[in-house]
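Visitor: I have a fold in front of me and would like to learn how to read it. Could you walk me through it, feature by feature?

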Amino acid sequence: AEAVVALGGDGFMLQTLHAMLDSGRVLPVYGVNRGTMGFLMNKHRPKRPSLIDRVNRSRPVGISPLRMEAVTQDGQTRVECALNEVSLLRETRQTAKIEILVDGKTRIDELVADGVLVATPAGSTAYNLSADGPILPLDSKLLALTPISAFRPRRWRGAILPDRAKVTFRINEPAKRPVAAVADQKEVRDVAEVHVEIARDSELTLLFDKGHSLDDRIVAEQFVV
């Protein structure tokens, strides 16, 4: 069977996966860490076994990206996929005011913050972690909903949602307090409403060495000080 080998860090892995989604030609990807970060990568081993042998012996792990549907203030709609997270970020010096709905039910009438994000398990150790969000195991079937520098409600630290949930963000006072929506590196400015859910029809496959314990890496990451 065919597979793609990605040599680099997690950033290069994300570029490779996005390129496959954009082209519509999706193959399993075996990553080899040659960068500073490598959460989604296998260790670089210049000696035996050979790279081909390692790929042939690897085990697959499926990951599904998020689908972001962003509606701008002028009524245009743009759809993008995110492997790490979809983040909403204030565009000016003023804080954003965002209503948060989960499966059509309002959970927070107005979040006053620099922004908010929805992260996949694969992306939970990226921006989500720096915003004090939880680390999620790859097979957890969960999403992290994490505020970014929240001012109100002060005690809300985010939520863990089942990955079947559909999250909607409505921007309050969008003309006065403009917000951009970002799916990984793809940005849509001046949004009025954003819908986020798992894109189950776009599953990707990562290949990992047997004996490579993602669970152990996830546990270890939570004890880094």
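Guide: Happy to. One term to begin with: a residue is called buried when its relative accessible area is under 20%, and exposed when that value is over 50%. Also keep in mind that this is a predicted model.

Visitor: Let's try that on a strand. Which residues of β7 point one way, and which point the other way?

Guide: In β7, Ala96, Ile98, Ile100 and Val102 point one way, while Lys97, Glu99 and Leu101 point the other way. All of them are buried. Put as a count, seven of the seven residues in β7 are buried, so the strand is mostly covered.

Visitor: Which strands does β7 pair with?

Guide: Strands count as paired if there are at least two bridges between them. β7 and β8 run antiparallel and are joined by six bridges. β7 also pairs with β11 (residues 167-172), again in the antiparallel sense and over six bridges. To find your place on screen, look for Lys97 opposite Val112 in β8, then for Glu99, whose bridge partner in β11 is Arg170.

Visitor: What sits in the turn between β7 and β8?

Guide: Those two strands form a hairpin with two residues between them. Asp103 is in the turn, and its phi is positive, near 55 degrees, in a residue other than glycine. Asp103 counts as exposed because its relative accessibility is 52%, and the cut-off is over 50%.

Visitor: Where else is there a positive phi in a residue that is not a glycine?

Guide: Look at Asp184, with a positive phi of about 55 degrees. Asp184 is in the loop between β12 (179-183) and β13 (186-188).

Visitor: Is Asp184 buried or exposed?

Guide: Asp184 is at 9% relative accessibility, so it counts as buried.

Visitor: How do I read the β4 and β5 hairpin?

Guide: Take the pairing, then the turn. Strand β4 (residues 66-72) and β5 pair in the antiparallel sense over six bridges, and Ala70 has Arg78 in β5 as its bridge partner. Four residues lie between the two strands, and Gly75 in the turn has a positive phi of about 90 degrees.

Visitor: On to helices. How many residues does α1 have, and how far does it reach?

Guide: α1 covers residues 10-23, which is 14 residues, and reaches 20 Å from its first C-alpha to its last. That is close to the 20 Å expected at 1.5 Å a residue. After α1 comes Gly24, with a positive phi near 80 degrees.

Visitor: Which residues of α1 are buried, and what do they pack against?

Guide: The buried ones are Asp10, Met13, Leu14, Thr16, Leu17, His18 and Met20. They pack against β1 (4-8), β2 (29-33), β3 (59-63), β5 (77-82) and β15 (204-208). Let's zoom in on two of them. Thr16 is buried, at a relative accessible area of 14%, and is in contact with Val4 and Ala6, leaving aside neighbours within four places in sequence. His18 is buried too, with a relative accessible area of 8%. Not counting residues up to four places away in sequence, His18 touches Cys81, Ala82, Leu83, Asp184 and Gln185. So Asp184, the buried loop residue, turns up again here.

Visitor: What about a residue that is neither buried nor exposed?

Guide: Try Asn33 in strand β2. At 22% relative accessibility, Asn33 counts as partly exposed. Asn33 and Leu7 are 26 residues apart in sequence, yet 6.2 Å apart in space, C-alpha to C-alpha.

Visitor: And pockets, how are they found?

Guide: Rolling a probe the size of a water molecule over the atoms shows where empty space is left. In this model, about 280 Å³ of space lies in the largest pocket. It is lined by 17 residues, and the closest to its centre are Gly62, Ile63, Ser64, Leu138 and Asp163. β3 and β9 (142-152) are the elements that give two or more residues to the lining. By class, the lining has nine nonpolar, three polar and five charged residues.

Visitor: Where is the cis peptide bond?

Guide: The cis peptide bond joins Arg152 and Pro153, with omega at about -5 degrees. Pro153 is in the loop between β9 and β10 (159-162).

Key
Residues are numbered from 1 along each chain as its sequence is written. This is a predicted model: local features need pLDDT of at least 70, side-chain atom pairs count only at pLDDT 80 or more; totals for chains, interfaces and linings use all residues. Side-chain values use heavy atoms; hydrogens and water are left out. The expected span of a helix is 1.5 Å times one less than its number of residues. Buried means under 20% relative accessible area, exposed over 50%, partly exposed in between (1.4 Å probe, protein chains only). Contact means heavy atoms within 4.5 Å. On a 1 Å grid over the protein atoms alone, a cavity is a set of points where a 1.4 Å probe fits but cannot get out, and a pocket is an open set with protein on both sides within 12 Å along at least five of seven lines; lining residues have an atom within 4 Å of a point. Grid points are joined across faces, edges and corners, and a volume is the space filled by probe spheres set on the points. Ala, Val, Leu, Ile, Met, Phe, Trp, Tyr, Cys and Pro count as nonpolar, Asp, Glu, Lys and Arg as charged, and the others, Gly among them, as polar.
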